[in-house]
Amino acid sequence: MQLLITGGLGYIGSHTVVELLNNNHEVVIVDNLINSKITVLDRLQKITGKKPVFYQIDLLDKTKLDEVFVKHQYDGVIHFAGLKAVGESVQKPLAYYHNNLTGTLHLLQAMQKYSVKNLVFSSSACVYGLPASVPITENFSLHPENPYGQTKAMIEQILQDLAVSNKSFNIAILRYFNPIGAHTSGLIGEDPQGIPNNLAPFVAQVAVGRLAKLSIFGNDYETVDGTAIRDYIHVVDLAIGHIKALEKLNQNPGLVVYNLGTGKGISVLEMVKSFEKASGLTIPYVFAPRRPGDVPVNYAECSKAEKELNWKATKSIDDMCADIWRWQSQNPNGYPDK
Ligand code: UD1
């Protein structure tokens, strides 16, 4: 298939592009490079031996986006592009709503105009907010707790309405739990700007000496060891989930929604121990107060994706930590600029 990938040089986008190229799909990437580096393109070529077509375009630039639809014909689109930092979204809600919603509207308008009717959308488990219970199934109600999560839930609603209005659209909404890990080559991985907000990249940067120690937010939760529990999923498992979702769209299902996680909860301390095993290093940490807005326990029910997509996460937390360590130790400062 010929596919348009928005945000294809970002963390999840780049890992998905590798799987697409390895499965003989043709890929056109658009990315504004606001949160990614052009060097990712070379790394993609190193891993796959193929060079995807790339345009540095912002989805807010409707004219330029339109040109990408005129130049190539697509069988489908995978839409990753968007701002994604929870804390920043609370500080800059208008930027988040403008960028994520308007960018998506431009993309959907172009898809409608040029009759591209298959879409995989990158959503997030944060649309569920504080869940009433675990594991979380796809029919739990949505209560996002920050502007970033709101943009994901709003886009989901736009997609629902679009699918109702036009039955020829096939749309897969994928709600990711906590994507971590890196490609086993160590050539691509997560490269956050500034001090990481998320656990795995923070631990990785402590391990390479960029940060002094980890603060573990909360050790008084009612969990095995008092620390919070999440459903960490290897980014390559997640990438493969996108391929399975694209295959599903060929059956003309209309709009479908899937959780992508492992269904297994891992505590912060378990993750730190696994990382220590992978790296052979000791990760210095202190216990700190709970982070406002954090839920104690969060993990997915993934049987719907297993049954309908024939997809299941296969990689363990030890695999995830080993792959993060390979990426971070080979690229201690992340991607070079050029
Ligand atoms: C966060 C986002 C969520 C997003 C997800 C993507 C917040 C509030 N939520 O979820 O919207 O979909 O990332 O992966 O940011 N922790 C520490 N020390 C740290 C960092 C994290 O103890 O320095 C703990 C957290 O308190 C949490 C766990 O590690 O219990 C995981 O945190 P994180 O990686 O930020 O993911 P989420 O909070 O689940």
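## A helix pair, a ligand site and two backbone details

Helix H3, residues 62-71, packs with helix H5, residues 93-113, at an angle of about 35°, and their axes are 10 Å apart. Two packed helices are described by exactly these quantities, the angle between the axes and the distance between them. As this is a predicted model, please read the geometry here as computed from predicted coordinates.

The crossing of H3 and H5 is right-handed. Which residues bring the two helices together? From H3 come Lys62, Leu65, Asp66 and Phe69, and they meet His106, Leu107, Gln109, Ala110, Met111 and Lys113 of H5. Sorted by class, this contact has 5 nonpolar, 3 charged and 2 polar residues.

Let us turn to the ligand. Around it are 19 residues, and those that come nearest are Ser215, Phe217, Arg230, Arg291 and Asp294. By class, the shell has 11 nonpolar residues, alongside 5 polar and 3 charged ones.

Where in the fold do these shell residues sit? Three elements each supply at least two of them: strand E7 (178-180), helix H7 (199-207) and strand E8 (214-217). Of the elements, E8 gives the most to the shell, with 4 residues.

Three polar pairs between protein and ligand are worth a look in the viewer:

| Protein atom | Ligand atom | Distance |
|---|---|---|
| Leucine 199, backbone N or O | oxygen | 2.8 Å |
| Serine 215, polar backbone atom | nitrogen | 2.7 Å |
| Arginine 291, polar side-chain atom | oxygen | 2.7 Å |

On its own the ligand has 730 Å² of accessible area, and the protein covers 86% of that. Serine 215 and arginine 291 appear both in this table and among the residues that come nearest to the ligand. Serine 215 takes part through a polar backbone atom, whereas arginine 291 uses a polar side-chain atom. Leucine 199, for its part, reaches a ligand oxygen with a backbone N or O atom.

Finally, two places in the backbone deserve a visit. Is the peptide bond from valine 134 to proline 135 cis or trans? That bond is cis, with omega near -5°. Proline 135 belongs to the loop that runs between strand E5 (118-124) and helix H6 (147-165).

The other place is asparagine 24, where phi is near 65°, a positive value in a residue other than glycine. Asparagine 24 is also a loop residue, found between helix H1 (11-22) and strand E2 (26-31).

How values were computed: Residues are numbered from 1 along each chain as its sequence is written. This is a predicted model: local features need pLDDT of at least 70, side-chain atom pairs count only at pLDDT 80 or more; totals for chains, interfaces and linings use all residues. Side-chain values use heavy atoms; hydrogens and water are left out. A residue is near a molecule or strand if one of its heavy atoms lies within 4 Å of it. A polar contact is a pair of N or O atoms within 3.5 Å; within protein, one must be able to donate a hydrogen and the other to accept it, and residues adjacent in sequence count only if both atoms are side-chain atoms. Accessible areas come from the Shrake-Rupley method with a 1.4 Å probe; for residues, only the protein chains shown count as cover. Ala, Val, Leu, Ile, Met, Phe, Trp, Tyr, Cys and Pro count as nonpolar, Asp, Glu, Lys and Arg as charged, and the others, Gly among them, as polar. Axes are lines fitted to C-alpha atoms, for helices over the stretch in contact, and angles run from 0 to 180 degrees between N-to-C directions. A crossing is left-handed if the near helix is turned anticlockwise from the far one by less than a right angle, and right-handed if clockwise. Contact means heavy atoms within 4.5 Å.
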